[in-house]
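Biologist: Could you take a close look at one part of this model for me, the place where the two chains meet? Once that's done, feel free to wander along the chains.

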Amino acid sequence: MDKWPKSILIAVLLGCLIGSPFVFQINPYYYDILLGIGISIILAASLNLVNGYTGQFSLGHAGFMGIGAYASSWVTLSYGYCLGANTTSTTTVFLLALLGGGLMAGIAGLMVGVPSLRLKGDYLAIVTLAFNEIIKGVIQNAEPLGAQRGLGGMVQHTNFFWTFGFAALTVYVVVHLVNSTYGRGFLAVRDDEIAAEAMGINTTKYKVLAFVLGAFFAGIAGGLYAHFKQFIHPEGFNFLRSVDIVVMVILGGMGNTAGVCFAAVLLTILPEFLRSVSHYTWLPLWLQQIAENRMILYSLLLIVLMLTRPQGLFGGLGMPRRRKDVEK
Amino acid sequence: MIEFLQQLIDGFSQGAIYALIALGYTMVFGVLRFINFAHGDVFMLGAFAGLYLGPRTLKLFGAGPSYIGAAAVMLLAMLVCAVIGIIIERLCYRPLRERPKLTVLITAIGVSLFLENFGQFIFGANPKSFPELINNRAFELPEWWGQFSALTITISQVLVVAVTLVLLIAMRHIVLHTRMGMAMRALSFNPVAASLMGINTDVVISFTFGLGSALAGAAGILISIQQPSIDPLMGVNAGLKAFVAAVLGGIGNLPGAALGGILIGLLEYIVVGYVSPTYRDAIVFGVLILILLVKPTGLLGSSEREKV
């Protein structure tokens, strides 16, 4: 059972490689949604490592995404021309920028991970939220990054191949890490921190590692996002964006990567679907308006889900090994 | 010097409002050990209750703005918020009481988002101007104050501080000298033992939510008198700041919440005046992180018994 993620990774990568020449032929609107889905999968799968597998409730994932987006944009905007204009070198710069964005976000993750050693549950959620707001505040004041005006002018490097390639990589790393002997520590920290500590697991290390890795991938997602939308704004990485990602993880079932990825797909398509619903004039006006405001639905979904099915819509349906944990 | 004093005065009255909201956080935390994320949005609902009920209530007490009318509006808003708080607890938090904390936390975030977005849906997203409940103007300071007579102190600022003080004393009385207050303290000390002693925990928890939400409602009216432009998202930032205040003072500790509120208000205005307005939020949150790292129990710690 542990072997399938690797084969899936290879299959997805091959699929991306074969598919990428053809996806340009589809409707640009669907292409946009498709890339959005890939980025959402990276964000949700990486947050799932922190929130789901390690049980550290983080509400600041969009902050890491923002760091990655700004750092990578800064790299491509500053050094994009250095290596000449042929495809290979621009791609190299783009990948280096993504890596740089990921690393910057990872460093920020370290800074958030360290307080997490002392804090639990509600407090941790608030502190991560606070970090998110601080990151936003710093960007808003950083003149070289466009401050309040936002940052634009990036070239659209992000394409189908890179987006889904990184999505597959993220899912692969998360699933494989958690299912490895080493990675069982994440689950142990989540299930019972004191017991884990008593068994000789270095809970500190696992918590920080979860934050750093989660932030790293969020940073990469941010870089992809920046080079896909070609314009980023500090408000795009606020608390509500974090909530979007948290909803994906909760809906999919915390600690269930397959469910979380599915939820990421669903929740990326849903706003587009709702947008089209809001144009159906035969619906009552209030229904149209509710459809336009997806956050009303998200929040109701969160409440109802927690009241009736706290393991998430797909929790307990994923990989067999997880089912045993949920039942406990 | 004058400028600095002015910032302190403005910050103090802003801090008094944070203190009122922070009391709600602290009380609920004391009893249930969880952070009611939706508390800031109850504060917003208080302001909107004033917006809709205000003009009608004022008419009952004569035509123009009056203190007695303002007091009636505030009491009404407190009542509305108390009912809303109790309903939220009944519908969303009570069924989850035995569940893991994370579940309750996520629900609370959901309730908060729901109130914000449903508020935007019902009230409209644009800021609304709040009716004039009192004739708000600056006091004319006497000449013999010398250079200090250049300070601006408005009626609303004095009112905010006075009302907060009265409510704080009332709260202290309820918690320390009534049977319900004793039950609240018992519950915060040991919920199981409290229920074994015959305390109806459900009633006490509902009461706590009602009380906290009423304070948030009062804060909503007070802030609208000071800054008469309200919108459905006004509770987000105020709620977070008040939470920081509650943690700064020591969550679960009533005087701590008041102290924390004042300190955060002062800090905010000093940052706005002397650093940069855009750093206002970031610095307040920085303070939160700093406290949690250095002294998670807050300034007034919570080792003593007075924990509700």
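Modeller: I'll begin with the contact between the chains, then move on to some helices and loops. Bear in mind that this is a predicted model.

Let's count the residues on each side: 34 residues of chain B are in contact with 32 residues of chain A. On the chain B side, α4 and α11 (280–294) each put in at least two residues. The largest share of that side comes from α4(B), with 15 residues. By type, the chain B side splits into 23 nonpolar, eight polar and three charged residues.

So what does α4(B) meet across the way? One partner is helix α13 (residues 294–308) of chain A: its axis and that of helix α4 (residues 101–123) of chain B come within 8 Å and cross at roughly 150°. An angle over 145 degrees counts as roughly antiparallel, and therefore α13(A) and α4(B) are roughly antiparallel to each other. The crossing itself is left-handed. If you want to pick out the residues, α13(A) brings A:M295, A:I296, A:Y298, A:S299, A:L300, A:L302, A:I303 and A:M306 to this contact. From α4(B), the residues they meet include B:I106, B:I109, B:G110, B:L113, B:F114, B:N117 and B:F121. Sorted by type, this helix pair's contact has 14 nonpolar and five polar residues, and no charged ones.

There's a helix pair inside chain B to put beside that. The axes of α1(B) and helix α8 (residues 201–226) of chain B come within 9 Å and cross at roughly 170°, which makes α1(B) roughly antiparallel to α8(B). This crossing is left-handed. The residues of the α1(B)–α8(B) contact come out as 18 nonpolar, six polar and no charged.

Right where α1(B) gives way to α2(B), have a look at B:R33. This arginine sits in the loop between α1 (2–32) and α2 (39–60) of chain B, and its phi is near 60°, a positive value in a residue other than glycine. With 15 other C-beta atoms within 10 Å, B:R33 is partly exposed. Chain A has a residue to set next to it: A:Q230, in the loop between α9 (203–229) and β2 (231–232). Phi of A:Q230 is near 65°, again positive in a residue other than glycine. A:Q230 is partly exposed, with 15 other C-beta atoms within 10 Å.

For a buried spot, try A:V112, which belongs to helix α4 (residues 87–113) of chain A. It counts as buried because 27 C-beta neighbours lie inside 10 Å, and the cut-off for that is 20 or more. Leaving aside residues up to four places away in sequence, A:V112 touches A:G60, A:T128, A:F131 and A:F211. A:V112 and A:S58 are 54 residues apart in sequence, yet their C-alpha atoms are 9.4 Å apart in space.

Two of those neighbours, A:T128 and A:F131, fall within the residue range of helix α5 (residues 121–141) of chain A. Does the length of α5(A) fit its residue count, or not? At 1.5 Å a residue, its 21 residues should span 30 Å, and the end C-alpha atoms are 30 Å apart, which agrees. This helix is also mostly covered, with 17 of its 21 residues buried.

Terms used. Residues numbered from 1 in each chain as written. Chains lettered and ligands numbered in written order. Predicted model: local features only at pLDDT ≥ 70, side-chain atom pairs only at ≥ 80, totals over all residues. Helix = DSSP H or I, 4+ residues; strand = E, 2+ residues; numbered from the N terminus. Expected span 1.5 Å × (residues − 1). Buried ≥ 20, exposed ≤ 12 C-beta atoms within 10 Å, placed from the backbone. Axes fitted to C-alpha atoms, helices over the stretch in contact; angles between N-to-C directions. Parallel < 35°, antiparallel > 145°, perpendicular 65-115°, else oblique. Left-handed = near helix turned anticlockwise from the far one by under 90°. Contact = placed C-beta atoms within 7 Å. Nonpolar A, V, L, I, M, F, W, Y, C, P; charged D, E, K, R; others polar.
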